[in-house]
Amino acid sequence: MAVIRELAIQSMQMLLVLFLAPLLTGFVRKVKARLLRRQGPPLSQPYRDLVRLMRKDVVLADNASWLFRVIPYFIFAATWIAASLVPTFRSGLMFSWSADLIAIIAVLGSARFFLALAGLDAGTSFGGIGSSREVMIASLAEPAMLMIVFTLALIAGSTQLSTMAAFMNSPEVGLRVSLGLGLIALIIVAIAENARIPVDNPATHLELTMVHEAMVLEYSGRHLALIELSAALKLLVYFSLIACLFAPWGMSPPTTEPLPLMAGVAAYGAKLVVGGVLLAVFETAIAKMRVFRVPGFLGAALMLALLATLLRFVSRSF
Amino acid sequence: MHGLTFDIAHLLAGSLVVMSFVQLYQDRLSALINVFAAHALVLALSVAWQAFAQVAPHLYITAAIALVFKAIIIPVALRRIIVRLGIHREIETVVGVGPAMLLGIGLVALSMVVMLRVTADADPLAREDLAFALSVVLLGLLMMVTRRNAVSQVIGFMSLENGLVLAATGAKGMPLVVEISVAFSVLIAFIVIGIFLFRIRERFDTVDMQAMDRFRGEQR
């Protein structure tokens with residue numbers, strides 16, 4: 001019976017993230033539109049887009065290989081796995097033994113690798129540009145991400161997300177400069193990974209500026225729907241990761257009582273709303289960078305993460 | 001030392017190192033001056049917190065000196081100078097931002113290694129303060145080495161001095177007289193350098209230090 005309950009909660013998390021991901025994207029769009037004094041699309045717009053795309057026929061390029069058709073499913077699966085492993089409303093989920101931070105980054109990294117392959121597969125020049133830029137960004141973002149993970153793991157003594165969240169929730173964390181630096185670096189990496197504004201504009205189809213959109217330009221129909229959904233899921237993963245590592249307050253303990261679980265879901269929703277508003281404000285306030293300035297931006301994240309690791313050693317003995 | 005007091009001291013001293021990195025990252029002069037003002041502000045906060053934590057009231061005076069001179073007077077004066085020299089929009093570096101930051105990380109690592117080895121049995125607060133102070137000093141030196149423009153070299157010098165003040169407050173027992181005289185000598189150095197800037201500019205029509213290398217016949 002206990003096992004069945006645990007399974008139910010784990011699948012509840014899987015469905016919750018799947019349901020919330022388009023809502024989060026729609027929410028950020030809506031807040032951005034309101035900040036620009038536009039009405040903006042309704043919150044349900046991303047769902048409608050997905051349903052419409054699902055109904056449409058797939059148009060494949062003549063010289064697309066089998067890889068091109070398989071990749072959307074693979075990317076969606078990898079991102080969904082990552083999203084369902086990050087603790088959101090309850091720590092100690094059934095599969096949380098596999099929710100290792102390094103493993104989650106590896107899963108997301110392999111999804112990105114296949115997306116870059118898909119960009120190259122159809123042989124169009126835009127896809128090539130997009131893939132090469134994506135790989136350039138990735139080659140800078142991933143070392144930074146790993147340094148952040150090392151810092152957090154050194155502080156929390158584990159790379160297990162549930163354990164880390166429990167440690168961050170305990171009073172023994174205190175105020176640490178390494179954690180602050182890690183948070184800033186993680187936010188920079190999250191912005192770059194999710195193709196948000198200073199690095200890439202998710203709403204544009206201008207050929208000179210796009211990175212993510214250039215890679216998926218050849219996709220249509222249900223393939224495109226899956227890729228859009230995984231992009232939304234990826235945004236949610238990074239939100240949940242930041243919430244779980246740096247703001248684990250209100251997360252429900254490993255229990256099957258309905259009341260704490262509801263409270264956990266409510267806290268998670270509140271965190272997403274706060275994060276979404278902050279992201280929208282940030283994106284409205286800042287201009288997009290030139291592609292050649294991105295290494296400097298991500299380099300700063302790498303430096304901050306390295307510095308966080310170094311400063312961690314000063315406070316080691318206390 | 002209780003946890004929170006120590007944590008806040010650690011946080012402020014650590015942010016001073018971070019501000020030094022922000023200085024290294026900035027390549028525009030006017031932004032650099034803003035960052036320098038923030039650097040001095042963090043220093044003042046950190047010194048004031050040390051005054052509170054060590055129950056040493058004379059450190060409040062040091063904090064006030066840092067706040068008034070370095071966070072307000074010197075940045076305002078520097079801004080006037082660069083506007084008068086007409087270089088407030090200039091961008092200048094010898095090495096790029098990336099290598100400079102890498103060098104900076106190396107220097108921070110070096111100072112951590114040195115300080116943590118040398119001061120193994122010191123008071124933890126003084127120990128980490130010394131480690132941070134040494135890295136701020138080294139980063140100030142790095143700033144002076146990697147910049148071409150005399151104004152940003154001055155800023156590097158001033159932030160180096162901020163590191164010295166941090167070391168002095170952590171070490172317990174630097175007399176107030178010494179601190180005040182250091183603060184004033186920095187101010188005087190600033191005035192002298194300011195006058196020099198105008199002289200250099202009169203002579204060479206630029207404050208780019210490469211022009212002086214050429215003048216001495218060291219380069220081509």
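A nonpolar core, as I use the term here, is a set of buried Ala, Val, Leu, Ile, Met, Phe, Trp, Tyr and Cys residues joined through C-beta atoms within 7 Å. I keep in mind throughout that this is a predicted model.

**Entry 1: the core.** I looked up the largest nonpolar core and found that it holds 157 residues, of which A:A144, A:A185, A:V189, A:L236 and A:L307 touch the most other members. The largest share of this core, 17 residues, comes from α9(A). I then followed A:A185 outwards and, leaving aside residues up to four places away in sequence, I listed A:A144, A:I148, A:A301, A:L304, A:A305 and A:A308 as the residues that it touches.

**Entry 2: the fold of chain A.** I counted 11 helices and zero strands in chain A, and I noted that the pattern along the sequence is accordingly α-α-α-α-α-α-α-α-α-α-α. The radius of gyration came out at 20 Å, close to the 20 Å that the globule rule gives for 318 residues, so I recorded chain A as being as compact as a globular protein of that length. Taken along the principal axes, the C-alpha atoms of chain A fill a box of roughly 60 × 50 × 45 Å. Of the 318 residues of this chain, 48% count as buried. When I restricted the contacts in chain A to residues at least 6 apart in sequence, I found that 79% of them join residues at least 24 apart.

**Entry 3: helix α6 of chain A.** Which residues of helix α6 (residues 161-169) of chain A are buried? I noted A:L161, A:S162, A:M164, A:A165 and A:M168. Seen down the axis of α6(A), these buried residues fall within an arc of 165 degrees, and they therefore line one face of the helix. I also checked what covers them, and the list includes α4 (101-121), α5 (125-156) and α9 (221-246) of chain A.

**Entry 4: the A-B interface.** I found 18 residues of chain A in contact with 22 residues of chain B. On the side of chain A that touches chain B, α7 (177-193) and α11 (294-314) of chain A each supply at least two residues, and the largest share, 10 residues, comes from α11(A). Sorted by class, this side of chain A has 12 nonpolar, five polar and one charged residues. For the complex as a whole, I copied down the predictor's ipTM of 0.74 and pTM of 0.86.

**Entry 5: confidence and one residue in chain B.** The pLDDT of chain B averages 81, and 92% of the residues score at least 70. Among the elements of this chain, I found the lowest mean pLDDT (72) in helix α8 (residues 209-216) and the highest (90) in helix α2 (residues 29-54). I also looked up B:V182, which is found in helix α7 (residues 176-204) of chain B and is partly exposed, with 17 other C-beta atoms within 10 Å.

**Entry 6: positive phi.** Most residues other than glycine have a negative phi, and I therefore wrote down two exceptions. A:R37, in the loop between α1 (2-35) and α2 (45-55) of chain A, has a positive phi of about 60 degrees although it is not a glycine. B:V55, in the loop between α2 and α3 (58-85) of chain B, has a positive phi of about 50 degrees. I counted 7 C-beta neighbours inside 10 Å for A:R37, which makes it exposed, and for B:V55 I likewise counted 7 inside 10 Å, so B:V55 is exposed.

Key
Residues numbered from 1 in each chain as written. Chains lettered and ligands numbered in written order. Predicted model: local features only at pLDDT ≥ 70, side-chain atom pairs only at ≥ 80, totals over all residues. Contact = placed C-beta atoms within 7 Å. Helix = DSSP H or I, 4+ residues; strand = E, 2+ residues; numbered from the N terminus. Nonpolar A, V, L, I, M, F, W, Y, C, P; charged D, E, K, R; others polar. Rg over C-alpha atoms; globule rule 2.2 N^0.38 Å. Buried ≥ 20, exposed ≤ 12 C-beta atoms within 10 Å, placed from the backbone. Arc of directions from axis to C-beta. pLDDT = per-residue confidence, 0-100.
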